[in-house]
Amino acid sequence: MKLRKQVTVCGGAIFCVAVFSLYLMLDRVQHDPGRRHGGVSFPRNQISVLQNRIEQLEQLLEENHQIVNHIKDSVLELTGNADAHPGLLALQGNGSWVLPTDNHQTFLSVFPQDCQFALWNKEQNTDLQMLDVYSALKFDNVDGGAWKQGFEITYEQHEWDNEPLQVFVVPHSHNDPGWIKTFDKYYFDQTQHILNNMLLKLQEDTKRRFIWAEISFFSKWWDNIDAQKKAAVRRLAAEGQLEFVTGGWVMTDEANSHYFAMVDQLIEGHQWLENNIGVIPKSGWAIDPFGHSSTMSYLLKRSNLTSMLIQRVHYSIKKHFAANKILEFMWRQTWDTDSSTDIFCHLMPFYSYDVPHTCGPDPKTCCQFDFRRLPGGRISCPWKVPPKVINDANVAERASLLLDQYRKKSKLFKSKVVLIPLGDDFRYDKALEWDQQFQNYEKLFNYMNSHPDLHVQIQFGSLSEYFDAVYKANGVSPGSKPPSYPVLSGDFFTYADREDHYWSGYFTSRPFYKNLDRVLESHLRAAEILYSLALNHVRRTGVGIRYPVSDYRFLTEARRNIGLFQHHDAITGTSKEVVVVDYGLRLFHSLMNLKRVIINAAHFLVLQSKNDYKYDESSLFLQLDDRRQTHDTLPEKTVIKLESLPRYVVVFNPIEQDRLCVISVLTTTPRVKVTLIDGSNLPTQISAVWKSPTDMATDAYQVSFVARLPALGLAVFQLSETFTAPVNSNVAIYLRNRDVTVSKKEPFSVKILESSINDFFIENQHMQVWFNGVTGLMENIKRKDDQQEQKVRTEFVWYGTRTFKDKSGAYLFLPDGEARAYISKQTPITRITQGPLFSEVISFYRHFHQIIRLYNLPGAEGLSLDVSIVVDIHDQVNRELAMRLSTGIESGDMFFTDLNAFQVTPSKIQPRKYFQKLPLQANFYPMPAMAYIQDNHSRLTIHTAQSLGVSSLRSGQLEIILDRRLMQDDNRGLGQGLKDNKLTCNRFRILLERRVTSNKVQDSRPVSFPSLLSHMTSMLMNHEVLAMPVVPRPEKIPPIRTWHPLSTAVPCDFHVLNVRTLQSEVASAPGLEAALILHRKGFDCGLEARNLGFNCTTTQGKLSLGSLFQGLDVVNVQPTALSLLYPAKPSNNSLVFLKPMEISTFRIRMV
């Protein structure tokens, strides 16, 4: 009763605050008649003014209604928890189970101001929004003549009389860290020779320049050169002859990569440059990723780069931008209503980044100035006109021809400064090419510069020298917006390089490795956090000699292997099979090593007395949670052998919020009880383990139990044999007249339905999920709080490929029309498991089986459906398997996809009558983390644990490509199809939410936000708990206990992206400082927020770091740029502030 009174008082106080804020907003409207609404001034006519005020008041009331609803739901949730009483597992009359509560109060409190971010209706001040550009373009692909995808460019001879044309020729070599060859083979065959030549040839002439992007290659070369050569490299970099562009470990893919990995590989590259070369990158260079994400521009901006360059953008967009002289622009984030995220961006105008497509609009002419193609060499010009060696006799004619191309290219830009990249894939690997290119261009430069009548100043330059010249020509400082240059928001997906050849296939290609990448990322983050905290506790307690500090080398290796896999031919699935195996082995070995790092840290942290710590490399304290036989197989859970003595299990929760969840382990006996260290029993469900759809295993059993895990903490549980009959799950199997035998084993009840085709359901306290009795697939979801039934029908479909000309391959998706229904020759077998903690439905088809699990838990775990689809299409020919969700949601032609799990963007598809303008394959987008559809009443989100291609081809639908098997190359250089398909498990969460209000202004914005529940759901799926059994040993196990690392709660909208121990001055050894990387997420308050099970609040972006970690003090909090460069002065104030969507890095020391 006392708690209920407290809740009432608290809820009333918050409600009063909300009402008072409404009063202030009304007052603001009354006393601010000149206030702008939507970026348009009010008319002077008083009636119009009154009408606008009324509309504005309605908007403010609607915003406040959402805030009040959020508060009301929070109070109701806390009141409900106050009424709960602990009890035993109980079966209700309707067949559903009631779980005991753990007396842990949950309360979600959201500051009204924190809701304003997603609701904010201030008009974004941009000149270009990519959704609008797509709507306006015809995509007609008219032949442009010499510039086939463009138009004829003309100019007047005297245009440069008053202001000469400045030309910067930028030599470069694009080195893929794996594609046709493995990373190591590329290095030994080509890259080391390129860098050796670079070191020699740049020193021959101080006017020469060279840019380099891939630090993965450069670091390998650096480790193999002597001190004298290293000093020469540092000198060349300091003097500007050698520039490092972007400076990431790789030139990352921007479609499939998760922002955790994008940030991590950028830090790895930048830290390597700072520690070894002593330089800081200024400009970004992304010439080969297949489409460009605004996430990357944000990360570069946060890393204090001032400019960036991109290349692979749809040819129609390039043409449109070129025609309007907007190929250079300020790239702004879609949520940004000022200019804080702006970064200057240059879009290369032509087809490719090779020499024929970079000097000007005519590739036939430009190819004549690629002197690697001189007659007698290994490569030539496809246009049959070869280059000529420059001499006194032809230099005038050659210079005139080349200058014409430079002038034409410059006409596409606002300034009279033009960038001319000079390079291609793995160029300059022969000393001869350095001489051919530099000596011939020097003759051309000398001629042009010595003839004032040509009005040109030409030189070799770095990328940053070009950008600096543009800024200077416009009279602004580096990174500032030049006058008349446009501001753009949005992204550049989906890429097409010609005709209707859309690069949407690679969004799904090789999904097995896309999933393995995410598993490794989660393990790396877990290992980083546990190692950092354990190491500092070790230093504080003084047992450092015994702790395996050398585990740091495993972290370094894993960072680099994950970084390598973000390369735009790795995670994309667009490498040769032998290269894929190389990537897979690297990921696999790092995964095994990271598990060891996690085990070693957990061992130390759970000990009650640190004096009991004894590290034995040959006999670890904990077992792995699961094992993979090889790099290309699915994991198998560790089976815990139970005998006379109990076994302990240590469980790690990788997320920064307390977590109520079901933990499942395998044991050798079904008679198991699970207790806490204090002996308290936990609710438990025993389920069978199956070797096939109908064959039950006899040597393993699944034990599932409910526990609340501390945030970022380690919980300890005890498993022991019991003579009390445990609660077993019940099984029903739909055979649908299949002639198969079902093996039944004690103690499980198995009901065999030989011919039934009746629909059936599973349920928990939140929802009832119905399945089709014939197909075994989901039909609809009925929410229990409002009894609304929402159609959510699952179907599976096949896409074929064209039978003529170009066909689908690793890069391209070129279907032979709309998808066709998956038709099974045999009726599927469906197995239903029901129990107190979870129920699941598994339907087995020839090429896949789908597992839908519903947890019977309050909070986030029980509010969504856990979906796994195990796919095997290795016997198919030119087919792609897709899952389609069809709902009653009236989403129209709008759906939403995320960019790199960082932000959500709406993707507008064209009505079907316009498919000639934008074909089916153009409407697929990358889905690294989630996609959703919505109408005024509902939002359906599908969360994914691996990046895949997604679309919404009809109102109310979401369609996801699960796997692709293609027998041919798609003529983009790979030379292979996709024929190495693996048994792949694609994991999803389906979340159906009710929209409590719908906001037309908000829905029309070019950005959207998930709810807090949706954010948490994504976190739960991508960061699974790690259950590690304590290894049995003859001697007594020292006392262990649950470990709580946080002394204060992390706000609901904060994500601890990483706690990364920084390297000391000794390579591969840990230093005294760590990088704390925080992300404050933007969220939508317009969705129902009842019974979320959260125990957190929002704090208007404030977090105190000083006492964040239990038993450790955080000192020397030093804000830095994202990649730890540009440090600010250390602050004595440990209180930090983040804006919504902001990612910030702090260099900290824990003592």
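**Exercise 1. Determine which strands pair with S31 in this predicted model, and in which sense.**

*Solution.*
Step 1. Begin with S32 (residues 820–821): S31 and S32 pair in the antiparallel sense, over two bridges. Two strands count as paired if at least two bridges are found between them. Within this pairing, Trp 798 stands opposite Arg 820 of S32.

Step 2. Turn to S30 (residues 778–783). S30 pairs with S31 (residues 789–799) over three bridges, again in the antiparallel sense. Ile 781 has Gln 790 of S31 as its bridge partner. The hairpin of S30 and S31 has five residues between the strands, and Gln 787 takes a positive phi near 60° there.

Step 3. Add S37 (residues 879–887), which runs antiparallel to S31 and is joined to S31 by eight bridges. Here Thr 794 has Leu 885 of S37 as its bridge partner.

**Exercise 2. State the strand order of the open sheet that contains S47, and identify the edge strands.**

*Solution.*
Step 1. The open sheet has four strands in the order S47-S48-S53-S51, with antiparallel pairing.

Step 2. S47 (1054–1063) and S51 (1114–1120) each pair on one side only, and these are the edge strands.

Step 3. On average, neighbouring strands of this sheet are turned by 25° against each other, direction ignored.

Step 4. Inside the sheet, six bridges link S48 (residues 1070–1080) with S53 (residues 1143–1150) in the antiparallel sense. Ala 1075 stands opposite Arg 1147 in S53.

Step 5. Helix H8 packs on the sheet and touches S47, S48 and S53; the direction of H8 makes about 25° with that of S47. Helix H16 (residues 552–565) lies across S47 and S48, running at about 120° to S47.

**Exercise 3. Describe how helix H6 packs against helix H8.**

*Solution.*
Step 1. Two packed helices are described by the angle and the distance between their axes. The axes of H6 (residues 215–222) and H8 (residues 259–276) come within 10 Å and cross at roughly 35°.

Step 2. The crossing of H6 past H8 is left-handed.

Step 3. H6 contributes Ile 215, Phe 218, Ser 219 and Trp 222 to the contact, while H8 contributes Gly 269, Trp 272, Leu 273 and Asn 276.

Step 4. By class, the residues of this contact comprise five nonpolar, three polar and no charged.

**Exercise 4. Summarise the chain as a whole.**

*Solution.*
Step 1. The chain has 19 helices and 53 strands.

Step 2. Of its 1151 residues, 63% count as buried, the cut-off being under 20% relative accessible area.

Step 3. The exposed area of the chain is about 42300 Å², of which carbon and sulfur atoms supply 51%.

How values were computed: Residues numbered from 1 in each chain as written. Predicted model: local features only at pLDDT ≥ 70, side-chain atom pairs only at ≥ 80, totals over all residues. Heavy atoms only, no water. Buried < 20%, exposed > 50% of the residue type's maximum accessible area, 1.4 Å probe, protein only. Areas by Shrake-Rupley, 256 points an atom, 1.4 Å probe, with all protein chains shown as cover. Axes fitted to C-alpha atoms, helices over the stretch in contact; angles between N-to-C directions. Left-handed = near helix turned anticlockwise from the far one by under 90°. Contact = heavy atoms within 4.5 Å. Nonpolar A, V, L, I, M, F, W, Y, C, P; charged D, E, K, R; others polar.
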